[in-house]
Amino acid sequence: MQETRIRIRWRDMDAYGHVNNGVYLTYLEECRDTWAQKLLGSAEGSWDFVLAHVGIDYRNQLTQADGEVLVRCRLASFGRSSVRTHEEIRKADGTIAAEAEAVVVPRDPDADRSRPLSERERELLKAELDRGAEER
């Protein structure tokens with residue numbers, strides 16, 4: 001699991017004085033990208049992937065007074081050519097601000113299209129699932 005602390009910036013606010021809904025996706029992306037590079041970048045250098053799907057449930061508003069958030073990303077499952085994550089944003093007091101699921105697919109930069117996961121990537125993902133099961 002990846003945990004990333006992100007400071008809420010003034011520019012994240014909307015006209016109503018709370019963090020704009022689109023900024024939640026940016027917070028999630030920052031954590032997800034770090035998670036993917038730490039886990040799968042070790043397979044062959046920088047891991048090239050694209051976001052295929054994201055679903056988000058907004059649970060509680062965030063304001064600048066919240067100061068910072070803790071964003072978590074963990075592997076939920078993987079298939080032949082996709083990786084599903086579970087992600088969440090929490091306030092400093094532990095209150096869940098948002099929960100999300102994302103699907104990312106590895107990308108072949110030369111062909112500019114998706115590709116199946118390599119055997120090494122599958123091994124790394126399997127080990128991550130096993131670690132996650134032990135932590136729960």
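Along the sequence, the secondary structure of this predicted model runs in the order β-α-β-β-β-β-β-α. The protein thus comprises two helices and six strands.

**Overall dimensions**

The C-alpha trace spans about 45 × 35 × 25 Å along its principal axes. The radius of gyration is 16 Å, which agrees with the value near 14 Å that a compact globule of 136 residues would have. Of the contacts between residues at least 6 apart in sequence, 66% join residues at least 24 apart.

**Surface and charge**

The exposed area is about 7,600 Å², and carbon and sulfur atoms supply 45% of it. Buried residues account for 38% of the 136 residues. The protein carries 21 positive and 26 negative side chains, with the centres of the two sets 2 Å apart.

**Nonpolar core**

The largest nonpolar core contains 29 residues, among which Tyr27, Leu62 and Ile89 touch the most other members. The elements tabulated here each supply at least two residues of this core.

| Element | Residue range |
|---|---|
| α1 | residues 21–44 |
| β3 | residues 68–78 |
| β4 | residues 83–91 |
| β5 | residues 96–108 |
| α2 | residues 119–135 |

Each of these five elements supplies at least two core residues, and α1 gives the largest share, nine residues.

Ile89 belongs to this core. Leaving aside residues up to four places away in sequence, Ile89 touches Tyr24, Tyr27 and Leu28, as well as Leu62. Its other partners are Val69, Leu70 and Val71, together with Thr95, Ile96, Ala97 and Ala98. The contacts of Ile89 thus include Tyr27 and Leu62, the two residues named with Ile89 as touching the most other core members.

Methods
Residues numbered from 1 in each chain as written. Predicted model: local features only at pLDDT ≥ 70, side-chain atom pairs only at ≥ 80, totals over all residues. Heavy atoms only, no water. Helix = DSSP H or I, 4+ residues; strand = E, 2+ residues; numbered from the N terminus. Rg over C-alpha atoms; globule rule 2.2 N^0.38 Å. Buried < 20%, exposed > 50% of the residue type's maximum accessible area, 1.4 Å probe, protein only. Contact = heavy atoms within 4.5 Å. Areas by Shrake-Rupley, 256 points an atom, 1.4 Å probe, with all protein chains shown as cover. Lys, Arg positive; Asp, Glu negative; His and termini not counted. Charge placed at Lys NZ, Arg CZ, Asp CG, Glu CD. Core = buried A, V, L, I, M, F, W, Y, C linked by side-chain atoms within 4.5 Å.
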